[in-house]
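Hi,

Here is the structure I promised to pass on. Have a look at it first, and then read my notes below.

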Amino acid sequence: MWLRPELSRRFALVAIWALAGCEGDGGEAARPSFVDVAAEAGVQLRTVSGTPQKEHIVECNTGGTALLDYDLDGDMDIFIVNGSRLTGYAPGREPRAELYRNDGAWRFTGIGREAGVAHVGWGMGATAADYNADGWPDLYLANYGPNALYENEGDGTFVDVAVERGVDFSGWSSSAAFGDYDLDGDLDFYLANYIDFDPAFRPVDPSYCTWRGIDVFCGPRGMPGERDQFYRNDGASAGWTFAEASAAVGIADYEYYGFAALAGDWDEDGDLDIYIANDSTPNVLYRNDQGAFADVSLLSATAYSEDGREQGGMGLAGGDYDRDGDFDLFVTNFSHDNNSLYDNNGRGFFTDASFSSTLGRASISSLGWGTGFFDYDNDGDDDLFVANGHVYPAVDRRDLGTRYAQRNHLFENRDGAFVEVGAASGSGLAVEKSSRGSAFGDLDNDGDLDIVVVNIDDTPTLLRNDGGNRHNYLMVRLLGDGGNTEAIGARVSVSVGGAVQMREVRAGTSYLSQDDLRLHFGLGAATEADHLVVRWPDGVEERLDGVAGNRLISIRRGAGLVAEGFGPGPRSGP
């Protein structure tokens with residue numbers, strides 16, 4: 001079989017690393033270790049979702065989490081959604097969402113009820129964004145049922161204003177991706193929706209209710225999809241209300257099964273495009289041209305697998321894993337299929353690199369959900385995490401090469417080839433549960449990235465990164481202006497020894513989740529970045545030279561570096 005030179009090089013790298021094992025990187029002793037500290041940290045919410053048998057499709061898909069500094073005290077707090085069951089609960093016994101306040105030293109306190117965000121209902125996804133530009137992060141919840149917008153009052157409490165703001169869509173929503181898509185200075189959002197669900201509905205074709213010889217819940221195939229929506233923020237003059245503007249901006253009326261939506265500048269033209277992972281239907285890439293969208297999924301080669309199949313898209317990650325100056329895409333998919341890595345060739349055209357990178361082969365027996373590119377060992381490149389777990393408990397009764405509870409995966413980036421190192425990366429990555437959403441952030445402000453994983457019908461996994469900060473790092477907090485106080489959509493590029501790392505500030509990531517908005521860069525052995533460039537959402541660039549590492553810096557638009565160090569920092573907004 002003839003291979004292009006770049007693919008031949010990648011296959012060679014895969015073979016070399018497979019033979020080398022852990023040698024060549026200092027051995028296992030030098031690798032960071034992940035430890036599950038959820039119990040001692042007090043993060044013990046049990047995420048409920050229907051019956052243990054999973055009799056309906058709605059019972060298997062919840063699990064979002066969001067990292068946000070809700071009280072602006074300088075550390076990341078944790079919000080976790082919760083589910084329900086179709087028969088409901090007696091008053092006062094309903095499962096509730098929870099907000100965990102970070103008290104430092106790996107201690108968290110559940111304050112959801114007193115903060116007003118202990119949401120009752122079948123939650124799916126959570127996104128944190130300061131939609132009304134008052135300097136305080138708000139929470140948008142995508143639900144099976146009415147969606148909620150919890151406005152942060154700045155006094156430790158939230159108020160649900162979804163009805164007043166026009167964003168209380170009631171159906172089955174999965175996730176929301178915020179960004180200033182029309183470049184008018186405030187935050188709009190794309191809402192991914194899943195199924196127009198009726199528990200009594202059964203598809204005409206009975207094959208949609210079986211999987212590999214097992215009787216399972218029906219769907220999504222054979223069920224009507226729920227159309228996605230685009231909400232335009234009409235700004236302060238309209239009381240921070242939103243208008244549903246899908247048709248006006250070019251969002252198609254596809255009835256696909258949407259799970260994750262990810263905003264990013266995939267074609268390098270200075271505005272935010274949107275990529276959507278759809279279950280059992282084509283994925284969609286909308287190219288944004290100054291607020292007008294066009295479906296370029298087929299043109300960009302991101303709609304289907306390498307062999308032209310629809311896949312079961314779940315979660316999304318975007319990062320420049322090969323450090324070639326553009327953002328690549330990664331999609332988690334259903335079991336007995338491969339996760340997909342789309343390598344950006346420039347200007348928004350992609351090549352399926354799933355198998356040349358080894359990520360495809362390593363995922364066949366797993367069912368992937370939450371995911372993210374992140375530099376877990378601070379060596380200056382993007383590694384990858386995937387949360388796994390099946391949807392059918394009945395798989396444990398058959399020899400199908402997969403299990404309901406699964407181990408999560410950690411892929412180390414070795415010159416663009418990925419090696420799964422989870423089994424050698426600490427007891428936290430040996431945990432086997434049916435995982436869903438995941439979020440990445442520096443929860444203890446020690447310079448390396450930790451992970452929150454939500455597990456269905458179980459307590460979360462809280463993965464503390466021990467040793468990632470053996471290498472140097474730089475963290476960047478951006479302070480925007482106008483209606484985009486958190487600079488969502490901004491890009492930061494950090495240059496070290498001729499190598500460039502890129503990050504974008506994104507509100508809505510992974511599977512139904514939200515990462516720490518502070519951007520993290522591993523510096524390896526270097527103690528400073530040669531230079532750092534911020535490209536603000538409107539395209540204006542600012543450059544800093546000789547930026548010392550091993551600290552968090554705050555950069556305000558137009559003012560440069562305005563603060564350094566962890567802890568409470570300068571505020572954006574009024």
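**Arginine 535 and its partners**

Arginine 535 sits in strand β37, which covers residues 528-535. Keep in mind that this is a predicted model. Is arginine 535 buried or exposed? Its relative accessibility is 16%, and buried means under 20%, so arginine 535 counts as buried. Its side chain makes a polar contact of 2.9 Å with the side chain of aspartate 265. If you skip the neighbours within four places in sequence, arginine 535 is in contact with Asp265, Gly270, Ala490, Arg491, Glu504, Val540 and Glu541.

**Aspartate 271**

Asp265 turns up again among the contacts of aspartate 271, together with Leu183, Gly264, Asn288, Asp289 and Gln290, once neighbours within four places in sequence are set aside. Aspartate 271 is in the loop between β16 (258-264) and β17 (273-278). With a relative accessible area of 3%, aspartate 271 is buried. What does its side chain reach? A polar atom of that side chain lies 2.9 Å from the backbone nitrogen of glutamine 290. For a sense of distance, aspartate 271 and histidine 531 are 260 residues apart in sequence and 23 Å apart in space, going from C-alpha to C-alpha.

**Two more buried loop residues**

Next, go to asparagine 82, in the loop between β3 (77-80) and β4 (98-102). Its relative accessibility is 3%, so asparagine 82 counts as buried. A polar atom of the asparagine 82 side chain lies 3.0 Å from the backbone oxygen of arginine 96. Arg96 is also one of the residues in contact with asparagine 82 when neighbours within four places are left out; others include Leu45, Thr62, Pro95 and Trp122.

Isoleucine 57 is in the loop between α2 (38-41) and β2 (65-68). Isoleucine 57 has 3% relative accessibility, so it counts as buried. Which residues does isoleucine 57 touch, not counting those up to four places away in sequence? They are Trp172, Tyr194, Ile195, Phe197, Phe217, Cys218, Gly219, Pro220 and Met223. You can also try the distance from isoleucine 57 to glycine 225: the two are 168 residues apart in sequence, and their C-alpha atoms are 13 Å apart in space.

**Some backbone details**

Two of the residues that isoleucine 57 touches, Gly219 and Pro220, are worth a second look. Glycine 219 and proline 220 are joined by a cis peptide bond, with omega at about 0°. Proline 220 is in the loop between β13 (214-215) and β14 (229-233). As background, most peptide bonds are trans, and most residues other than glycine have a negative phi.

Which way does phi go at alanine 133, positive or negative? It is positive, near 55°, in a residue other than glycine. Alanine 133 lies in the loop between β6 (122-129) and β7 (138-146). At 10% relative accessibility, alanine 133 counts as buried. Tryptophan 240 isn't a glycine either, and its phi is also positive, about 60°. Look for tryptophan 240 in the loop between β14 and β15 (242-244). Its relative accessible area is 18%, so tryptophan 240 is buried.

For a contrast, try glycine 498, in the loop between β34 (491-496) and β35 (499-504). Glycine 498 has 71% relative accessibility and so counts as exposed. Between glycine 498 and aspartate 530 there are 8.5 Å from C-alpha to C-alpha, and the two are 32 residues apart in sequence.

**The whole chain**

Now zoom out. How many helices and strands does the protein chain have? There are seven helices and 40 strands. Why can we call the chain as compact as a globular protein of its length? Its radius of gyration is 22 Å, close to the 25 Å that the globule rule gives for 574 residues. The C-alpha trace spans about 65 × 60 × 50 Å along its principal axes.

Of the 574 residues, 63% are buried. Among contacts with a separation of 6 or more, 60% are between residues 24 or more positions apart. The accessible surface comes to about 19700 Å², and 50% of it belongs to carbon and sulfur atoms. As for charge, the chain has 43 positive and 93 negative side chains, and the centres of these two sets lie 5 Å apart.

Happy exploring!

Definitions and conventions: Residues numbered from 1 in each chain as written. Predicted model: local features only at pLDDT ≥ 70, side-chain atom pairs only at ≥ 80, totals over all residues. Heavy atoms only, no water. Helix = DSSP H or I, 4+ residues; strand = E, 2+ residues; numbered from the N terminus. Rg over C-alpha atoms; globule rule 2.2 N^0.38 Å. Buried < 20%, exposed > 50% of the residue type's maximum accessible area, 1.4 Å probe, protein only. Contact = heavy atoms within 4.5 Å. Areas by Shrake-Rupley, 256 points an atom, 1.4 Å probe, with all protein chains shown as cover. Lys, Arg positive; Asp, Glu negative; His and termini not counted. Charge placed at Lys NZ, Arg CZ, Asp CG, Glu CD. Polar contact = N/O pair within 3.5 Å; in protein donor to acceptor, adjacent residues only side chain to side chain.
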